[in-house]
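Student: Before we discuss the terms used for this model, may I see the sequence and the structure?

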Amino acid sequence: MTGQTTGKEDAGGDCYIKYDPEDIQYFGACRVIRKEFEYIRRRRGLPGQEDDCDKGLPELNLSGLALSGGGIRSASFSLGVMQALAHNGWLKKFDYLSTVSGGGYIGSSISWLLSQPMDAGKTHIARFGLDRKHFPYGTYPMSGSDPELRLKAKAGGSQAEGADAPPGLGQIYKGKLLRYLRQQAKYLTPGDGITAMSLVAVILRGMLVSLGIYLGLLLTLLILVYPLMHYTPADLGFAYGGNLALWLALVPGGLYILYSLGFALGTRLMSANKRERADDTEPNSKSSAYLSRQCYERCTACLLRLTLALLILGAIPPAYDALQALGAKAAMASSDFQLSGSRSHDGSLSFSGTLEAPVTATDDGSSNLPGWFGLLSILLGALFGVLAFFKTSSGKKGRIPIGLVVVIATAAIWFGLLLATYHIAGKVLLAPGWGALAAAGAGIATAIAIGRIANINYLAIHRYYRDRLMELFMPDIDKALDGNIATRAAASADKMPIHALFDANTGRGYEANPAPYHLINTNVVLESSNIPKFRGRGGDNFILSPYYCGSNATGWCDSKDFMDGRMTLPTAMAISGAAVNPGTGIGGQGVTRQPLLSMLMGLLNIRLGYWAPNPDPDPRNKRKQKSCKNHPRGIPNFLTPGLYEIFLRSRLNEAGDFVQLTDGGHFENLALYELIRRRARLIVVCDGGADPDFQFGDLANAMEKVRVDFGTLILFDCEDLQPLVPRKKTADKVADDEIECAERGYIMCTIIYPDNSQGRLLYLKTTFFEQLSADLYGYKKAHPQFPDESTSDQFFDEKQFEAYRELGFQTAWRMMQDDSVRNDAFVRPLWANN
């Protein structure tokens with residue numbers, strides 16, 4: 001079974017690594033981490049060595065920086081944190097950069113910019129780095145002076161004393177990059193002809209194509225079963241009403257009743273065999289009674305599904321006939337009405353006239369009202385589906401419960417589809433000649449061909465989202481420096497495979513200027529996994545990194561072979577931020593995990609996630625030897641795996657040829673999980689997620705998962721969290737009833753790993769705390785929800801972007817000035833040799 005066999009059985013070399021249950025040090029991923037350690041040693045300038053997973057990997061005292069989800073808010077906050085860390089020389093000491101969702105925007109931007117060689121003659125910088133002089137977006141402030149000197153100047157000291165050198169050309173160019181980012185943070189509507197209507201057009205395109213394809217498939221089905229829906233027993237010589245589908249529903253329904261009665265009688269025999277089971281010589285085998293109960297539960301579920309399907313099919317013709325009668329009645333019209341009168345000899349009046357009616361909508365005497373009603377119902381369902389999408393992405397509770405919106409949308413769209421296709425099927429089959437049938441066949445063939453050929457990823461919202469993120473966060477450096485608009489500044493990153501970040505032969509890699517090993521965290525959807533842990537959570541943490549891509553559930557494939565080497569850095573970044581997707585939710589929970597909503601979103605092709613080939617080259621274990629080379633899967637299309645979300649939901653697991661990848665926050669939103677797996681001794685977490693009520697949900701979810709999966713304890717208690725929670729100021733301080741302030745924006749705790757070794761966790765959070773600068777105070781007064789504005793707001797202006805960036809900088813700066821933090825044994829190596 002996937003996820004339960006040892007990696008030693010893999011005969012395909014290291015191009016594919018299967019989860020190894022015997023690996024208790026790194027929980028199945030030792031061979032993946034061994035490759036990462038080779039890079040970390042090389043980056044530190046240490047000699048290489050051959051590590052053996054059977055003997056355990058040596059301790060490297062690793063450190064990692066984790067950037068959380070939270071959209072553009074988290075990206076802005078995390079940028080400020082990294083600017084402060086770079087200014088003090090801490091950033092370059094981290095071995096790992098682990099990102100998820102919004103944190104991945106800025107993390108991937110740094111990875112991209114560091115990989116690009118520059119024209120030193122023009123910019124005076126040969127390559128960006130992670131120290132004060134070379135950080136791509138500069139360090140605070142852009143004038144080049146140190147924040148400490150600003151405090152000295154405020155206290156009356158001389159700013160010139162000990163001031164940094166004046167900014168050189170390199171600093172100016174870095175300032176241009178920051179300006180490029182800051183002033184174009186409304187990345188979804190960048191301008192240059194790409195506006196909000198462009199986004200609407202992309203959403204509608206995906207919906208129309210998807211509905212057209214699945215309408216063709218449904219029409220094929222209804223043409224095949226049309227005789228069951230159209231004809232009645234009376235047409236066969238029986239004096240009964242109702243169509244054949246309704247009568248056929250009695251067959252599985254009757255079998256269910258008979259099976260249930262037979263099972264009830266069989267319980268007597270099961271009870272009589274109780275004593276015999278106690279003397280069973282094979283205690284690990286299933287008893288006949290247990291097997292019979294499981295058989296009943298499986299078979300009756302299938303019978304009830306078939307009964308329900310036939311009842312639904314049988315209910316469409318009566319509804320269709322009722323609408324047709326209504327249409328015929330409404331079509332009664334006086335197209336030619338004449339009236340004449342005369343007076344008789346006795347003085348009475350008599351009138352006569354003619355009325356031509358009814359006037360029907362078609363030549364065959366039927367009404368088109370059912371067809372139009374079906375189309376209207378589809379449009380209504382699609383409208384409510386889009387409403388559900390935006391309500392889900394906003395995370396706010398509206399006046400209309402999301403559950404009600406989902407039920408209305410699902411019922412409307414399915415009723416409309418069935419009604420419209422039944423109408424078309426009747427016109428096709430009852431029309432004289434073969435013309436209508438030939439036209440329908442051509443339409444169905446076209447729909448199926450498009451469904452088979454079209455790449456479902458390219459027709460969903462994902463690609464629009466991916467391109468806009470790439471334009472903002474991964475521009476061509478020279479074009480960004482020249483002040484080009486985002487849509488005209490990105491070209492090279494579009495073709496940048498993630499494995500090329502470390503490819504020294506291309507001149508792109510980190511060899512000339514090493515950077516932390518980047519782990520981009522995503523979630524693989526496993527709603528129907530055969531492994532209870534994955535099924536209950538709805539997924540597993542799936543990494544996209546320069547060396548390997550995969551998860552415990554699927555195993556890991558060499559990034560050069562994954563998707564034939566076509567997984568690009570922009571695509572990985574967008575997948576990690578695919579916040580709204582069928583069958584998912586933050587931390588594995590949420591309304592989008594409801595089957596009805598998932599089916600609706602799949603039908604309308606409303607998704608930010610991405611269908612990718614399974615890293616496992618043989619997910620159903622049909623081959624004796626596994627190799628991730630030469631196993632073509634084709635492209636993900638609307639039939640395979642598109643139907644998985646709508647009908648074949650049992651295929652949403654680790655055994656499918658394709659797996660769906662979504663926002664890493666659907667598994668764990670702090671990007672902490674994989675750093676704990678690697679036993680990092682120091683972890684700095686930037687939590688930029690929206691948490692206006694300070695419930696610390698993302699932290700609680702991460703603590704639970706690393707405790708359950710890795711046996712690791714993060715020793716935060718309720719009292720430790722209180723300095724982060726804003727409160728009204730005490731009476732001895734200046735009163736401001738409108739603004740509540742936290743004590744500080746960071747806390748520190750101990751990590752205890754399974755072998756009782758320890759580590760340290762520094763946790764930075766978006767909270768408004770005392771001693772922040774006046775501009776942040778003014779922004780808070782004008783925007784009371786700051787710094788926890790909704791993640792659905794992805795349209796930051798300059799002030800909003802700068803407020804979160806500056807909050808991140810000041811939070812990290814005060815943390816680095818805290819002696820209890822600086823003097824901690826796990827933290828000291830970050831600055832001791834600077």
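Tutor: In this predicted model, S14 and S15 form a hairpin with five residues between them. Within the turn, Asn756 has a positive phi of about 70°.

Student: How do you know that S14 and S15 pair, and in which direction do they run?

Tutor: Strands pair if at least two bridges are found between them. Seven bridges join S14 (residues 746–752) to S15 (residues 758–765), so the criterion is met; the two strands run antiparallel. Cys749, for instance, stands opposite Leu761 in S15.

Student: What makes S13 a partner of S14?

Tutor: Two bridges join S13 (residues 713–714) to S14, and at least two are required, so they pair. These strands also run antiparallel, and Leu713 has Ile752 as its bridge partner in S14.

Student: Why is Thr662 called buried?

Tutor: Its relative accessible area is 0%, and buried means under 20%, so Thr662 is buried. Thr662 lies in strand S11. Beyond its neighbours within four places in sequence, Thr662 is in contact with residues including Thr522, Ile575 and Gly609.

Student: What makes the pair of Thr662 and His666 side chains a polar contact?

Tutor: The distance is 2.9 Å, and the limit for a pair of N or O atoms is 3.5 Å, so the distance criterion is satisfied.

Student: Why are H2 and H24 called oblique to each other?

Tutor: Their axes cross at roughly 40°. Roughly parallel would require under 35 degrees, and roughly perpendicular 65 to 115, so the helices are oblique. The axes come within 7 Å, and the crossing is right-handed. Among the residues that meet there are Phe77 in H2 and Trp813 in H24.

Technical notes
Residues are numbered from 1 along each chain as its sequence is written. This is a predicted model: local features need pLDDT of at least 70, side-chain atom pairs count only at pLDDT 80 or more; totals for chains, interfaces and linings use all residues. Side-chain values use heavy atoms; hydrogens and water are left out. Helices (H or I, at least four residues) and strands (E, at least two) are DSSP runs, numbered from the N terminus. Buried means under 20% relative accessible area, exposed over 50%, partly exposed in between (1.4 Å probe, protein chains only). A polar contact is a pair of N or O atoms within 3.5 Å; within protein, one must be able to donate a hydrogen and the other to accept it, and residues adjacent in sequence count only if both atoms are side-chain atoms. Contact means heavy atoms within 4.5 Å. Axes are lines fitted to C-alpha atoms, for helices over the stretch in contact, and angles run from 0 to 180 degrees between N-to-C directions. Angles under 35 degrees count as roughly parallel, over 145 as roughly antiparallel, 65 to 115 as roughly perpendicular and the rest as oblique. A crossing is left-handed if the near helix is turned anticlockwise from the far one by less than a right angle, and right-handed if clockwise.
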